[in-house]
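User: Could you take a close look at one part of this model for me? I'd like to start from a single loop residue and see what is built around it.

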Amino acid sequence: MCTTCGCSPHDHHHDDHHHEHETTGPGRNVIQVEMDILARNNRLAAGNRELFAAKGIFVLNLVSSPGSGKTTLLERTLREIGGRFRCAVIEGDQQTDNDAVRIAATGVPARQINTGAGCHLDAHMVGHALEHFDLDSLDLIFIENVGNLVCPASFDLGEQHKVVVLSVTEGEDKPLKYPQMFHAADVMLLNKVDLLPHLDFNVDKCVEMSRRVRPDALLLQVSARTGEGMAQWYNWLAAGVEAAKAANR
Ligand SMILES: Nc1nc2c(ncn2[C@@H]2O[C@H](COP(=O)(O)OP(=O)(O)O)[C@@H](O)[C@H]2O)c(=O)[nH]1
Ligand SMILES: [Mg+2]
């Protein structure tokens, strides 16, 4: 059960046998069950985080609403910096392996997780996906979460940073409408800026709303379509990879 919307992320997850936290017994109420789920997730996320630190891997959790351009952004990123860093991608979607197929076409190893009815990835699913990679040969792992600005905010995967992608077609008020997510993300990528001439999207207003929710977030304006602004994103990635390696030395 998802603590936010009550959905069941494990319904269709074939190798998850940990349903015991989802049953209410005498004296236990729904809130306690939800707290157990989050506590268990946090424990598993801490394990993932320790593993990433031990291997010196920089790990990012990409979150957004559906269609804001996460996969397109990753495709371009991997094509443009895939030669500099050894990357892998974990893809989360309710159904299909479309995104993993798109990523694999760039030559980077990709693993799809299908969450079925579930609206977010959790640390347990990510832990299993990691078993399919040679972690000793990786610098950078991108996790593309299920498209949803609500539930993924509550579930730590063990990443160093959440990166929220907001596209200019979604309206500038999204940081205020989904403050939990925009507060949790250390970086906001404002994507599809190539479309700005066709829209009445107010970038300054969006930046101001984002600052109200998370004053210190790094805000970058990019277009995954044209490549505009992507160099700043790559510089930030390079610094993160270097820091993860330095901490591990
Ligand atoms: N114009 C424009 N379209 C984009 C950009 N990034 C992604 N798209 C388009 O937005 C749609 C959804 O992109 P996708 O990467 O699948 O989004 P996801 O659901 O967040 O992974 C696709 O049609 C992309 O081609 C961009 O920077 N500019
Ligand atoms: Mg996608």
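Analyst: Happy to! Let's start with T96, which is partly exposed, since its relative accessible area is 38%. The model is a predicted one, so please read every value below as computed from its atoms.

T96 sits in the loop between β2 and α3. Its backbone deserves a glance, because most residues other than glycine have a negative phi. At T96, phi is near 75°, a positive value although the residue is not a glycine. K192 offers a second case, with a positive phi of about 70° in another residue that is not a glycine. This one is found in the loop between β6 and α7 (203–213), and it is partly exposed, with a relative accessible area of 21%. Buried means under 20%, so K192 falls just outside that class at its 21%.

From the loop of T96 we can step into α3 and on to the metal. Which residues coordinate the magnesium ion (ligand 2)? The donors are T71 through OG1, D99 through OD and E144 through OE, at 2.1 Å. Along the chain they follow the spacing T-x27-D-x44-E. D99 belongs to helix α3 (residues 98–104) and E144 to strand β4 (residues 140–144), so this pair ties together parts that are 45 residues apart in sequence. Are these two acids buried or exposed? Both D99 and E144 are buried.

T71 also leads us to ligand 1. There are 17 residues around this ligand, and those that come nearest are G67, K70, T71, T72 and D194. Helix α2 (residues 70–81) supplies the largest share of the shell, three residues. Sorted by class, the shell holds eight polar, six charged and three nonpolar residues.

Some individual atom pairs help to picture the pose. One pair joins an oxygen atom of ligand 1 to a polar backbone atom of G67, at 2.8 Å. On the side-chain part of the shell, an N or O atom of R102 is 3.0 Å from an oxygen atom of the ligand, while for S223 the corresponding side-chain distance is 3.3 Å. Taken alone, ligand 1 would expose 580 Å², and the protein buries 76% of that.

Now for the nonpolar packing. What makes up the largest nonpolar core? It has 29 residues, and L60, F142, L189, W233 and L237 have the most contacts inside it. Among the elements that give two or more residues to this core are β2 (87–93), β4 and α2, names we have already met on the way from T96. Strands β1 (58–63), β5 (161–167) and β6 (187–191), together with α8 (230–248), also give two or more. Helix α8 gives the largest share, eight residues.

Strand β5 has one more detail worth zooming in on. S167 is located in this strand and counts as buried, at 1% relative accessibility. The S167 side chain makes a polar contact with the side chain of E170, at 2.5 Å.

To finish, have a look at I37 in helix α1 (residues 30–55). With a relative accessible area of 12%, I37 is buried. I37 and C2 are 35 residues apart in sequence, yet their C-alpha atoms are 8.2 Å apart in space.

Key
Residues numbered from 1 in each chain as written. Chains lettered and ligands numbered in written order. Predicted model: local features only at pLDDT ≥ 70, side-chain atom pairs only at ≥ 80, totals over all residues. Heavy atoms only, no water. Near = heavy atom within 4 Å. Polar contact = N/O pair within 3.5 Å; in protein donor to acceptor, adjacent residues only side chain to side chain. Areas by Shrake-Rupley, 256 points an atom, 1.4 Å probe, with all protein chains shown as cover. Helix = DSSP H or I, 4+ residues; strand = E, 2+ residues; numbered from the N terminus. Nonpolar A, V, L, I, M, F, W, Y, C, P; charged D, E, K, R; others polar. Donors = N, O, S within 2.8 Å, 3.2 Å for Na, K, Ca; no water. Buried < 20%, exposed > 50% of the residue type's maximum accessible area, 1.4 Å probe, protein only. Core = buried A, V, L, I, M, F, W, Y, C linked by side-chain atoms within 4.5 Å.
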